Amino acid sequence: MPATSRTRRVIVLGCTGSIGRSTLHVIEHLNSIEPGSLEIVGLATGSNVELMREQAQRHQVRHLAVAKASSQSHPDTDPIAFTGDDAARRLVEEVECDIVVAAIVGSAGLSAVAAAIERGCDIALANKETLVAAGEIIMPLAERRGVNILPVDSEHSAIFQCLQSRSASGAAPDRPMCLDHIRRIVLTASGGPFRTWPAERIAEATVEQALSHPTWKMGAKITIDSASMTNKALEVIEAKWLFGLDARRIEVIVHPQSIIHSLVEFDDGSVLAQLGAPDMRTPIQYALTWPARPPGCATRIDWAALRRLDFEAPDEDRFPALRLARHVVETGGTSGAIFNAANEEAVAAFLDGRIAFGRISQLAEEALDAIEHGAAQSLDEVMDADHRARQFVRSTLAQGAGQRHSARSR
């Protein structure tokens with residue numbers, strides 16, 4: 001654990017999602033090793049009130065937030081103090097904590113992360129959309145406030161771990177190596193369920209097929225993103241902000257086994273990689289305990305059973321989101337917010353059965369082409385770009401639906 005004997009207070013945003021549930025399991029495990037080392041002081045969910053209630057009772061959490069109140073809520077008896085779209089933000093503003101686990105899916109968690117940084121809380125960042133949309137704002141803010149942004153995504157955690165090194169003076173291994181010596185970082189990708197499919201079949205994939213990830217168990221949105229490789233595209237953009245590298249030094253390689261989580265290649269030709277079973281509890285624990293490494297609760301690799309590690313170049317013709325990611329990294333400004341918001345709307349439309357799978361990346365590209373992107377100098381500008389991208393996708397889909405209706409009428 002960090003060099004302090006006091007309990008670290010934790011708020012978990014997105015507590016009922018897959019990352020949130022794993023985080024609570026990791027905290028329970030760590031407290032079994034060192035009782036009282038971590039205290040959960042706040043939980044936030046989108047709408048799963050019943051599960052959050054169970055979590056709060058099990059972990060004795062008093063401060064709760066829900067974005068979408070429903071008939072499940074009983075204000076006279078529930079301890080839910082914060083409700084509404086800004087519930088997570090108000091939770092981090094009003095409850096004292098040391099580290100916030102940011103696991104709210106999509107851009108919805110952006111304002112809460114910014115508020116937590118303003119208060120000086122470290123961020124265990126599982127919400128990649130925060131930096132994709134507003135890295136230009138969030139990273140300088142974290143530097144000014146002296147806040148650590150600790151990546152939870154397995155790929156970015158792998159890079160972060162590879163970059164940990166003792167300084168020249170022999171200080172503790174809590175600072176990154178000089179980025180000038182990095183030739184490139186390589187983010188690994190499982191390839192998702194459509195890795196070997198031809199483009200024509202991918203374009204017509206069903207929701208059920210897209211949700212059948214071969215190695216990871218995740219929520220619906222991130223699973224669809226993985227199937228289109230938009231998840232990897234978002235990670236490329238996030239890596240730019242986390243590690244301060246341009247697009248030329250960020251690459252992607254497909255690695256179906258998901259054992260090597262990412263690699264760093266240095267100027268002298270040496271390569272460092274972080275390996276582990278595909279279990280999100282490892283990067284979650286590292287973010288919560290950095291720079292220490294107490295015994296973990298994640299799955300271990302059976303090296304005797306591991307026969308091969310495969311790699312292949314990604315196909316940007318079949319997975320065009322990767323090409324769009326480079327465009328966003330090179331363009332900067334509000335282009336990340338536009339790309340992310342358009343993708344979120346397109347994924348929701350696909351899950352609702354309103355568009356084919358192949359339209360997801362097409363809509364994101366159309367939004368980037370159609371919407372003017374400027375500097376991202378404030379959260380208001382970022383959220384305005386987010387809003388314009390969502391409106392563009394909605395209106396495009398509405399026009400398409402109207403045209404199909406007219407054709408049928410004729």
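Which residue in E2 does Val12 stand opposite? In this predicted model, the residue facing Val12 is Leu43 in E2. The two residues belong to a pair of strands that run parallel, strand E1 (residues 8–13) and strand E2 (residues 38–45), and that are joined by six bridges.

These strands are part of an open sheet of seven strands, in which the pairing is parallel and the order reads E4-E3-E2-E1-E5-E6-E7. The edges of the sheet are formed by strand E4 (80–83) and strand E7 (149–151), each of which pairs on one side only. Neighbouring strands of the sheet are turned against each other by 25° on average, when direction is ignored. Helix H1 (residues 18–33) packs on this sheet, where it touches E1, E2 and strand E5 (99–102), and the direction of the helix makes about 170° with that of E2.

The edge strand E7 contains Leu150, which is buried, its relative accessible area being 3%. Leaving aside residues up to four places away in sequence, the contacts of Leu150 are with Ile99, Ile123, Ala124, Leu125, Phe160, Ala287 and Trp290. By contrast, the C-alpha atoms of Leu150 and Met52, two residues that lie 98 residues apart along the chain, are separated by 24 Å.

Turning to charged side chains, the structure holds 31 salt bridges. In general, side chains of opposite charge can pair when their charged atoms come close. One of these salt bridges is formed by Arg8 and Asp122, whose closest N and O atoms are 3.4 Å apart. This pair links distant parts of the chain, since Arg8 is in strand E1 and Asp122 is in strand E6 (residues 122–125), 114 residues apart. Arg8 is buried, with a relative accessible area of 10%, and Asp122 likewise counts as buried, at 13% relative accessibility.

A further salt bridge brings together the side chains of Asp98 and Arg9, with an N to O distance of 3.1 Å. Here, too, distant parts of the chain are linked, with Asp98 in the loop between helix H3 (87–94) and E5, Arg9 in strand E1, and the two positions 89 residues apart. Asp98 counts as buried at 11% relative accessibility, whereas Arg9, at 27%, counts as partly exposed. The assignment of Asp98 follows from the cut-off, because a residue is called buried when its relative accessible area is under 20%.

A salt bridge within a helix is provided by Glu235 and Lys232, whose closest N and O atoms are 2.7 Å apart. The two residues are separated by about one helical turn because they lie three residues apart in helix H10 (residues 230–243). Glu235 is buried, with a relative accessible area of 1%, and Lys232 is also buried, with a value of 5%. Beyond such individual pairs, salt bridges that share partners join Glu344, Glu345, Asp386, Arg390 and Arg394 into one network.

Technical notes. Residues are numbered from 1 along each chain as its sequence is written. This is a predicted model: local features need pLDDT of at least 70, side-chain atom pairs count only at pLDDT 80 or more; totals for chains, interfaces and linings use all residues. Side-chain values use heavy atoms; hydrogens and water are left out. Two strands pair if DSSP finds at least two bridges between them. Helices (H or I, at least four residues) and strands (E, at least two) are DSSP runs, numbered from the N terminus. Axes are lines fitted to C-alpha atoms, for helices over the stretch in contact, and angles run from 0 to 180 degrees between N-to-C directions. Contact means heavy atoms within 4.5 Å. A salt bridge is a side-chain nitrogen of Lys or Arg within 4 Å of a carboxyl oxygen of Asp or Glu. Buried means under 20% relative accessible area, exposed over 50%, partly exposed in between (1.4 Å probe, protein chains only).
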